[in-house]
Amino acid sequence: MRIRALTLDLDDTLWPVLPALERADREVDAYLRQHYPDVARAGPIPARRALRAEVAAERTDLAHDFTAQRHITMQRAFTACGIDQAPLEVLWEIYFSARNSVELYPDSLPALQRIAERWPVVSLTNGNADLDRIGIREHFAHHVSARDTGTPKPDARIFLAAAAQLGLEPSDILHVGDDPELDVVGAREAGMRTAWINRARHPWPGALGAAPDLDLRDMKALVDWLEAQG
């Protein structure tokens, strides 16, 4: 398997995302309770999460743009309380800052540093993680997001956009991610090689077709494999 570059998922591949998302919801809620108590009472965290799910189901045209979905959700919460102008930018900054206060898995940064010394790496994500805020931008040659390309994983077009950034054929690229469908199936359909970061050691779901080229415990196992290939 000749690998000339890597594309790399972020959330739940390099760090667990749920703690950051929960912290972001709590910090937004604290702001609302202080400044807009009626909105906070009318829509506690579980209700806002349900509202966001409704928005996602209604606005499938924004499946690639979690930021826009969240803005719509907050505006609806305010409108329901008779407030026409929600402080969307303030709320977004609170949420976005907390959402990007992530704690990397212990193996992630050392492995990423080793990989980036020898191979170009492109971050490839459906989410809105910010490499600068997290402090890992220097290890990536490019950043490709669903919001920027207009298509989310597993659509082949987002993977092909990353290949175009690298100037390589998809078959020269190894895509690395934690999600069997979004990462493995999507990259495979785009013609890339695939590595599944399977920290929980789940069996491969056979209904998704061929297993990934690599089924690895963590990022250290990935870089060890890459270096062994020379």
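A residue counts as partly exposed when its relative accessible area lies between the buried range, under 20%, and the exposed range, over 50%. The legends below concern a predicted model.

**View 1. Asp-12, a loop residue with a positive phi.** In this predicted model, Asp-12 sits in the loop that links β1 to α1 (18-35). Its phi is about 65°, a positive value, although Asp-12 is not a glycine. With a relative accessible area of 31%, Asp-12 is partly exposed, because that value falls between the limits of 20% and 50%.

**View 2. Arg-201, a second loop residue with a positive phi.** The loop between β5 and β6 contains Arg-201, whose phi is near 60° and therefore positive in a residue other than glycine. Arg-201 is partly exposed, its relative accessible area being 34%.**View 3. The open sheet and the helix packed on it.** Six strands make up an open sheet, in which the order is β3-β2-β1-β4-β5-β6 and the pairing is parallel. The edges are formed by β3 (142-145) and β6 (214-216), each of which pairs on one side only. From one strand to the next, the twist averages 20°. Helix α11 (residues 219-229) packs on this sheet, where it touches β1 (5-8), β4 (173-177), β5 (193-197) and β6. The direction of α11 makes about 165° with that of β4.

**View 4. The pairing of β2 with the edge strand β3.** Strand β2 (residues 121-125) runs parallel to β3, and four bridges join the two strands. Within this pairing, Val-122 has His-142 of β3 as its bridge partner. In general, strands of a sheet pair through backbone hydrogen bonds, in either a parallel or an antiparallel manner.

**View 5. Thr-125, a buried residue of strand β2.** Thr-125 belongs to strand β2 and is buried, with a relative accessible area of 1%. A polar atom of the Thr-125 side chain lies 2.9 Å from the backbone nitrogen of Gly-127. When residues up to four places away in sequence are not counted, Thr-125 touches Leu-10, His-143, Val-144, Ser-145, Ala-146, Lys-153 and Ile-158.

**View 6. The cis peptide bond between Lys-153 and Pro-154.** The peptide bond that leads from Lys-153 to Pro-154 is cis, and its omega is near 10°. Pro-154 is placed in the loop between α8 (146-149) and α9 (156-166). Lys-153, on the other side of this bond, is also among the residues that Thr-125 touches.

**View 7. The crossing of helices α1 and α3.** The axes of α1 and helix α3 (residues 45-58) come within 10 Å and cross at roughly 115°, which makes α1 roughly perpendicular to α3. The crossing of these helices is right-handed. On the α1 side, the contact is made by Glu-22, Asp-25, Arg-26, Val-28, Asp-29 and Leu-32, while α3 contributes Ile-45, Arg-48 and Arg-49.

**View 8. Asp-29 at the contact between α1 and α3.** Asp-29, a residue of helix α1, is buried, with a relative accessible area of 10%, because values under 20% count as buried. Once its neighbours within four places in sequence are left aside, Asp-29 is in contact with Ile-45 and Arg-48, both of which belong to the α3 side of the helix contact.

Note on methods: Residues numbered from 1 in each chain as written. Predicted model: local features only at pLDDT ≥ 70, side-chain atom pairs only at ≥ 80, totals over all residues. Heavy atoms only, no water. Pairing = 2+ DSSP bridges. Axes fitted to C-alpha atoms, helices over the stretch in contact; angles between N-to-C directions. Contact = heavy atoms within 4.5 Å. Buried < 20%, exposed > 50% of the residue type's maximum accessible area, 1.4 Å probe, protein only. Polar contact = N/O pair within 3.5 Å; in protein donor to acceptor, adjacent residues only side chain to side chain. Parallel < 35°, antiparallel > 145°, perpendicular 65-115°, else oblique. Left-handed = near helix turned anticlockwise from the far one by under 90°.
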